[in-house]
Amino acid sequence: QVQLVESGGGLVQAGGSLRLSCAASGIIFSTNTTGWYRQAPGKQRELVAIITSSGTTNYGDSVKGRFTISRANGKDTVYLQMNSLKPEDTAVYYCFVTMTLTYWGQGTEVTVSS
C-alpha cells in the first residue's frame, strides 16, 4: 500500500522560507517521478516541481529560482525548499508519485502573509 505523508507547512511572512517534506512508504521514490503540486483557494491545481528517477528537475514558471526540489533516496523522502516566499504562494501543497498510477498525499497548508 502506497502512502505519502507531507509535513512542514505553516504560516510565514513574505520573504521567508519553508521546507516541505514528503515521506513515502510502500514505494521507492528514486525509481519513479515525484514532485509537488499546489492548489490555492478558488484556483486550479498547479504544478510546482518534479524530479524524475534520473534526477532531472522541472519547475513551474512562478517558482523558478525560488524553490528547489530534492530527494533523499535512502529515506524515500522528497523535499521542497521554498525561499523568497510571496503571498501568492499561499496554497495547499500536495506531494505525488507517478508509477502506472499516481498517488497523492493529504496535503500541507502553506500561508504567506504580506
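Mentor: Let's start with a rule: two strands count as paired if DSSP finds at least two bridges between them. Keep in mind that we are looking at a predicted model.

Trainee: Thanks! How do you know that β5 and β6 pair?

Mentor: Count the bridges: 3 of them join β5 to β6 (residues 57-59), and the rule asks for at least two, so the strands pair. They run antiparallel, and Thr57 in β6 is the bridge partner of Ile51. The two strands form a hairpin with 5 residues between them, and Gly55 in its turn has a positive phi of about 95°.

Trainee: What makes β4 and β5 a pair as well?

Mentor: The same rule applies: 5 bridges join β4 (residues 33-39) to β5 (residues 46-51), and at least two are needed, so this is a pair too. The direction is antiparallel, with Arg38 standing opposite Glu46 in β5. This hairpin has 6 residues between its strands, and Gly42 in the turn has a positive phi of about 75°.

Trainee: Now the 4-stranded sheet. Why are β1 and β7 called edge strands?

Mentor: The order in this open sheet is β1-β3-β8-β7, with antiparallel pairing. β1 (3-7) and β7 (67-72) each pair on one side only, which is what puts them at the edges. From one strand to the next, the twist averages 15°. As for the pairing of β7 with β8 (residues 77-82), there are 6 bridges in the antiparallel sense, and Thr68 stands opposite Gln81 in β8.

Trainee: Why is Ser21 called buried?

Mentor: Its relative accessible area is 16%, and buried means under 20%, so Ser21 qualifies. Ser21 lies in β3 (residues 18-25). Beyond residues up to four places away in sequence, Ser21 touches Val5, Glu6, Ser7, Trp36, Thr77, Val78 and Tyr79.

Trainee: How do you know that Cys22 and Cys95 form a disulfide?

Mentor: Their sulfur atoms are 2.0 Å apart, and the cut-off is 2.5 Å, so the pair passes. The angle about the S-S bond is -80°, making the link left-handed. Cys22 lies in β3 and Cys95 in β9, so the link ties together parts 73 residues apart in sequence. Both cysteines are buried, and the count by this rule comes to 1 disulfide.

Trainee: Which residues of the largest nonpolar core touch the most other members?

Mentor: Trp36, Leu80, Met82 and Tyr93, out of 27 residues in that core. Elements giving two or more residues to the core are β3, β5, β7, β8, β9 (91-98) and β11 (108-113). Take Met82: leaving aside neighbours within four places in sequence, Met82 contacts residues including Leu18, Leu20, Phe67, Tyr93 and Val110. In soluble globular proteins, nonpolar side chains tend to be buried together.

Trainee: Last one: what makes the protein chain as compact as a globular protein of its length?

Mentor: For 114 residues the globule rule gives 13 Å, and the radius of gyration is 13 Å, so the chain is as compact as a globular protein of that length. Along its principal axes, the C-alpha trace spans about 40 × 25 × 25 Å. The chain has 0 helices and 11 strands, and 43% of its residues count as buried. Among contacts with a separation of 6 or more, 54% are between residues 24 or more positions apart.

Notes. Residues numbered from 1 in each chain as written. Predicted model: local features only at pLDDT ≥ 70, side-chain atom pairs only at ≥ 80, totals over all residues. Heavy atoms only, no water. Buried < 20%, exposed > 50% of the residue type's maximum accessible area, 1.4 Å probe, protein only. Contact = heavy atoms within 4.5 Å. Axes fitted to C-alpha atoms, helices over the stretch in contact; angles between N-to-C directions. Core = buried A, V, L, I, M, F, W, Y, C linked by side-chain atoms within 4.5 Å. Rg over C-alpha atoms; globule rule 2.2 N^0.38 Å.
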